[in-house]
Amino acid sequence: MFSYFKRKNAASVEDIELQHFLQSKHCNGCSRHCPLSSPKCGRGKKLATIETTNYTRSSPLD
């Protein structure tokens, strides 16, 4: 049971790299200018989705 929980919640290297990438980008949808790793407005969430898609497209395939 514990190993399943550990596997389910373990972040992959790709997920960690994506989080670092999104932290370096900021939203300009409202006055908060939140990092895209945790947007607080609808525009930020949409922009985070777009940036995530662009990041996964530009990542090299295994």
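E51 touches F21, L22, K25 and L36, leaving aside residues up to four places away in sequence; contact here means heavy atoms within 4.5 Å. This is a predicted model, where local features need pLDDT of at least 70, side-chain atom pairs count only at pLDDT 80 or more, and totals for chains, interfaces and linings use all residues. Residues are numbered from 1 along each chain as its sequence is written, and side-chain values use heavy atoms, with hydrogens and water left out.

**E51**
- You'll find E51 in helix α3; helices are DSSP runs (H or I, at least four residues), numbered from the N terminus.
- E51 is buried (under 20% relative accessible area, 1.4 Å probe, protein chains only; exposed is over 50%, partly exposed in between), yet E51 has no salt bridge.
- A salt bridge needs a side-chain nitrogen of Lys or Arg within 4 Å of a carboxyl oxygen of Asp or Glu, and the nearest side chain of opposite charge, K25, is 4.3 Å from E51.
- For charge, Lys and Arg count as positive and Asp and Glu as negative, while His and the chain ends are not counted.

**The nonpolar core**
- The largest nonpolar core has seven residues: L18, L22, C27, L36, C41, A48 and Y55.
- Such a core is a set of buried Ala, Val, Leu, Ile, Met, Phe, Trp, Tyr and Cys residues joined through side-chain atoms within 4.5 Å.
- Helices α2 (13-23) and α3 (42-58) each give two or more residues to this core.

**Cysteines**
- With a disulfide taken as two cysteine sulfur atoms within 2.5 Å, the count is zero.
- C30 has its nearest cysteine sulfur, that of C41, 4.0 Å away.
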